[in-house]
Amino acid sequence: MLIKRLCFAILALSVLLSAGCGFKLQRSYSIPDSLKTLTLSSQDEYSELTRLVRERLRLNSITVVEDDASVPTVRILNDSLDRSTLSLYPTGNVAEYELNYHVRFAVQYPEREAKAFDVDIHRDYLDDPRTALAKSREMELLVKEMRIQAADQIIQILASIETN
């Protein structure tokens, strides 16, 4: 009986330690062969989102070429960040916001109609007017994190596209 309890305690401790240290499996996507070479276009070629998507494509062994009509095209149509009020302090100041980051992009194969996709990321943001400088930095970090997550979701969607 004591041995069973000891084994259970060791097993529980190892599970807690591996979960608590931040261990997670790396994401590996199986991108269709038809998308191994593509063109990436955006309204702003130097935007943070475009840079992140280009980096994610490179990490997934996808070759990005310039203006080739014989390969599929991924177009980042637009991205927007909206903020809506969730709660107020008794004084009437905003206490909590919801940040909504929306990305619309399209994938077009040669000689086919484009398919449009949407990515939506939501985050809650607590605002404290007493720490305005720290909160503005926190907001910048949240937006950056949301863009990274949107770029990852774009790659996930590309991996799930059926080419038939």
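Does Thr73 count as buried or exposed, and at what relative accessibility? In this predicted model, Thr73 counts as buried, at 13% relative accessibility, and the views below place this residue and others in their surroundings.

**View 1. Thr73 in strand β3 and the residues that it touches.** Thr73 belongs to strand β3, which covers residues 73-88. Because buried means under 20% relative accessible area, the 13% found for Thr73 puts this residue in the buried class. Residues up to four places away in sequence being set aside, Thr73 touches Thr39 and Ser41 as well as Ala106, Val107 and Gln108.

**View 2. The open sheet of five strands.** The strands follow the order β2-β1-β3-β4-β5, and their pairing is mixed. At the edges stand β2 (63-65) and β5 (115-126), each of which has a single partner strand, so one side of each is left without a neighbour in the sheet. From one strand to the next, the twist averages 35°.

**View 3. The pairing of β1 with β2, and helix α2 across the sheet strands.** Strand β1 (residues 37-42) runs parallel to β2 and is joined to it by three bridges, with Leu38 standing opposite Val64 of β2. Helix α2 (residues 48-59) lies across β1, β2, β3 and β4 (94-108), and runs at about 170° to β1.

**View 4. Ile62 in the loop between α2 and β2.** Ile62 has a relative accessible area of 6% and is therefore buried. Apart from neighbours within four places in sequence, Ile62 is in contact with Ile31, Leu35, Lys36, Leu38 and Leu57. Leu13, 49 residues from Ile62 along the chain, has its C-alpha atom 41 Å from that of Ile62.

How values were computed
Residues numbered from 1 in each chain as written. Predicted model: local features only at pLDDT ≥ 70, side-chain atom pairs only at ≥ 80, totals over all residues. Heavy atoms only, no water. Helix = DSSP H or I, 4+ residues; strand = E, 2+ residues; numbered from the N terminus. Buried < 20%, exposed > 50% of the residue type's maximum accessible area, 1.4 Å probe, protein only. Contact = heavy atoms within 4.5 Å. Pairing = 2+ DSSP bridges. Axes fitted to C-alpha atoms, helices over the stretch in contact; angles between N-to-C directions.
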